[in-house]
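Trainee: I have the model open and would like to test the terms we use against the values behind them. Could we go through it together?
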Amino acid sequence: MTTTQPVTEPPRSLGQAARERLGTAFGPWFLPTLAAVIIFGLMVALRPLVASPTGLNLVLAPLIPLIFAVLAQMFIIAAGDIDLGIGSFIGLANVVIAVIIPDSPVAGILFLIGMVVAYAAMGVLIAVRGLPSIVVTLGMSFVWLGVAILILPTPGGVVPEGIVSFVRFNPQVVPGVIIVLTVVTVAVALFLSRSKYGAVLRGSGSNAEGVRRAGWSVIRAKVSLYVLAAVFGLLSGLYLSGQTGGGDPYIAQSYVLLSIAGVIVGGGSFKGGEVSAVGAVAGALVVGLLGSLLQFIGVQSSFQAAAQGLVLVLVLVLRALVNWIQKVRRTL
Amino acid sequence: MTNLETRPETTLSAPTTNRTAGTVALRVLKHPALPAFVGMIAIWLAIGAIAGRGLVETISAGIIIATFLVIVGIGQLFVITVGNGGIDLSVSYVMTLSAFLACQIMAGNDANIATGIIVAVIAGVVAGAVSAALIEFVGMPPLVGTLAVGFALQTITLIYSGSVVGVASPALSDFTTAQIGPFPIFGIVGIVIAVAFAVILKRTSYGRRIEAVGQKPVAASFANARPALIRASAYVLSGGMAGLAGVFLAAYSGGPSLGLGTSYQLASIAVVVLGGSLIAGGRGIISGLWAGAVLLTLLTTLANITRLSGGWQFIIQGALIVLVLALSRNPLARR
């Protein structure tokens, strides 16, 4: 796809080495985290109540499903692919939880497991046949949406009380959202960047040949990433269901662009392998909080999608600019 | 031996003509567009058998509605054929915005047809140029560049459409449904457009560069093809075609609406895949695209006749793409 040209590395200056050390110390997660903190700070400045435990819960809770969706997308982008079906997949999970589970929990859980298996099969198809993930996941998104509409033609259904109270779990000492946020981020970050298989998974996207030579199956690694994406898609659907209390096939359509934006804003790259869990969560917070901030300022909701898309474009333009400047400096 | 025994007379009586007839038959059988044509005819006959509707009126209604898809699909085909992960997800948003723009300008007046169409196409061309700039100069993946442009257009349309009551010109509306005898004029326009672009793709140096860039960008650049420029031109073309399709669709359906283009995002990709073009780029088959568009349109007709729910229509369309991709031999598959 891209032309690989041998780049002759010039001798590195002292300053450059220092900059690189600084880069590894902060990591790709640093800028998005800083951006999330700044946006949050702006919100607190506008409405001081946001900083209270209740306010924190109100602002962050709607972002939890988005964070799971961004992590799902992150696994697919780590594989070097892109998932255009995650929004419909989450919508289907929501419909199953709101319609099938109340009737028959066993059938509902089997259905959800079937969805994960289907995602794994999709991963096998993409990895083994070398098909473009964009087209396959776009096609499958219509399958998920179609199945969801068959189960629930118009928004409705009732999410079981147990799930609602689990999702809205909020002890008085620490806001529930903070607990979920911390546990999920730490678990995924440790698995992805500290465990052996995490390295294999990231390698399958960035250095497939290296992974193969080290004796690991690239296809199995890719399928594992698709399974992880499906599981996080289900978690996103679970939290979305608990928060809304009902089912709607179209509920998560906006997550397709938002999840890609979250991963990219969070320092991920489309080249595959280069992802950071902390960065992705921070990216999700940036994208999500930006929506809330715009609402605070009184921007119409129809502008919000464009504004969030614009942030994605800006980040990519800035990154291209930085790359270009680095290239120019290297040739000088 | 067995070959000779099964067809002894023909081989003996006219060996040369038979060989050419044989190679022609083989070429037809091996042509990548064949499955689309076979599928199209099968569904056409199925509609006749199930609904008892006249075969002529079924196909003539089918090729009218398929023409919108053919026009958008050709743009999409050029984008996919230049390779490099090329895909245009903004077409549906371009169509909707162009429909609103053109209908506001036409305002139900036949005198404004040309202005309306030109403005719609220009809007599409500008959108395509922005996508091309984001992809080729900023280096965004085509998916993200076109989707970002698409969402921006969607927001523009949402805000702008609130103040517009556009009406298509009556003459243009009549044009999309008019018939000469049993032949629908607009359907024939679709075929003419398809033939014209097939000639452009296969017989002009521009078209050959489109395919060459999709096959081997490095080799093509040595041949003076300037891959980035050729790829950019495909996005501009796709935008313009989507703009044109948007005007026609608005004229056909009586006026613009916010959901006008929605179903064309997936369908425009589906017809390229169904038609036997390579999804990884390098080979575009416009005859197959036309048959694929009629196939998809007739499939919707069949679903409506049998009162299949909307959910099933989504499932069939989505599964069809994945199935065709999974079954197709894809020698140039990358990623």
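Mentor: Gladly, and keep in mind that this is a predicted model. A good place to begin is the largest nonpolar core, which has 218 residues. A:Leu71 and A:Phe75 have the most contacts inside that core.

Trainee: Which residues is A:Phe75 in contact with, leaving aside its neighbours within four places in sequence?

Mentor: A:Phe75 is in contact with A:Leu225, A:Leu228, A:Ala229 and A:Phe232.

Trainee: What makes B:Gln76 a buried residue?

Mentor: A residue is called buried if 20 or more other C-beta atoms lie within 10 Å of its own. B:Gln76 has 32 such atoms within 10 Å, so B:Gln76 is buried. The residue is found in helix α5 (residues 55-81) of chain B. Beyond four places in sequence, B:Gln76 touches B:Asp88, B:Val91, B:Ser238, B:Ser268, B:Ile269 and B:Val272. Its C-alpha atom and that of B:Ala234 are separated by 8.3 Å, with their positions 158 residues apart along the chain.

Trainee: And how do you know whether B:Ala251 is buried or exposed?

Mentor: The cut-off for buried is 20 or more, and B:Ala251 has 29 C-beta neighbours inside 10 Å, so B:Ala251 counts as buried. B:Ala251 lies in helix α13 (residues 227-252) of chain B. Not counting residues up to four places away, B:Ala251 touches B:Ala168, B:Leu172, B:Ser173 and B:Thr176. The C-alpha atom of B:Asp174, 77 residues away along the chain, is separated from that of B:Ala251 by 8.3 Å.

Trainee: A:Gly91 is a glycine in chain A; what makes A:Gly91 buried?

Mentor: C-beta atoms are placed from the backbone, and A:Gly91 has 28 other C-beta atoms within 10 Å, so A:Gly91 is buried. Its place is in helix α5 (residues 86-103) of chain A. A:Gly91 touches A:Trp144, A:Leu145, A:Ala148, A:Pro249, A:Tyr250, A:Ile251 and A:Ala252, leaving out residues up to four places away in sequence. For A:Ala307, 216 residues apart from A:Gly91 along the chain, the C-alpha separation is 24 Å.

Trainee: Why is B:Arg307 called exposed?

Mentor: Exposed requires 12 or fewer neighbours. B:Arg307 has 6 C-beta neighbours inside 10 Å, so B:Arg307 counts as exposed. This residue is found in the loop between α15 and α16 of chain B, and its phi is positive, near 55 degrees, in a residue other than glycine.

Trainee: Which other residue has a positive phi although it is not a glycine?

Mentor: B:Asn84 does, with a phi of about 60 degrees. Most residues other than glycine have a negative phi. B:Asn84 is found in the loop between α5 and α6 (91-106) of chain B. B:Asn84 has 21 C-beta neighbours inside 10 Å, and therefore counts as buried.

Trainee: What makes α10 and α11 of chain B roughly perpendicular?

Mentor: The axes of α10 (residues 185-203) and α11 (residues 205-215) of chain B come within 5 Å and cross at roughly 70 degrees. Angles of 65 to 115 degrees count as roughly perpendicular, and that makes α10(B) roughly perpendicular to α11(B). B:Ile200, B:Leu201, B:Lys202 and B:Arg203 in α10(B) meet B:Tyr206, B:Gly207 and B:Ile210 in α11(B). By class, this contact has four nonpolar, one polar and two charged residues.

Trainee: How do you know that the span of α16(B) agrees with what is expected?

Mentor: At 1.5 Å a residue, its 18 residues should span 26 Å, and the end C-alpha atoms are 26 Å apart, so the two agree. Helix α15 (residues 286-305) of chain B, with 20 residues, reaches 29 Å, close to the 28 Å expected. Buried residues of α16(B) include B:Phe314, B:Ile315, B:Leu320 and B:Ile321. The buried residues of α16(B) pack against α7 (133-151) of chain A together with α14 of chain B.

Trainee: Then how many residues are in contact between the two chains?

Mentor: 39 residues of chain B are in contact with 35 residues of chain A. On the side of chain B that touches chain A, the elements giving two or more residues are α8 (142-161), α14 (264-274) and α16 (310-327) of chain B. α16(B) gives the most, with twelve residues. The residues of that side divide into 28 nonpolar, nine polar and two charged.

Methods. Residues are numbered from 1 along each chain as its sequence is written. Chains are lettered from A and ligands numbered from 1 in the order in which they are written. This is a predicted model: local features need pLDDT of at least 70, side-chain atom pairs count only at pLDDT 80 or more; totals for chains, interfaces and linings use all residues. Two residues are in contact if their C-beta atoms, placed from the backbone, lie within 7 Å. Helices (H or I, at least four residues) and strands (E, at least two) are DSSP runs, numbered from the N terminus. Ala, Val, Leu, Ile, Met, Phe, Trp, Tyr, Cys and Pro count as nonpolar, Asp, Glu, Lys and Arg as charged, and the others, Gly among them, as polar. A nonpolar core is a set of buried Ala, Val, Leu, Ile, Met, Phe, Trp, Tyr and Cys residues joined through C-beta atoms within 7 Å. The expected span of a helix is 1.5 Å times one less than its number of residues. Axes are lines fitted to C-alpha atoms, for helices over the stretch in contact, and angles run from 0 to 180 degrees between N-to-C directions. Angles under 35 degrees count as roughly parallel, over 145 as roughly antiparallel, 65 to 115 as roughly perpendicular and the rest as oblique.
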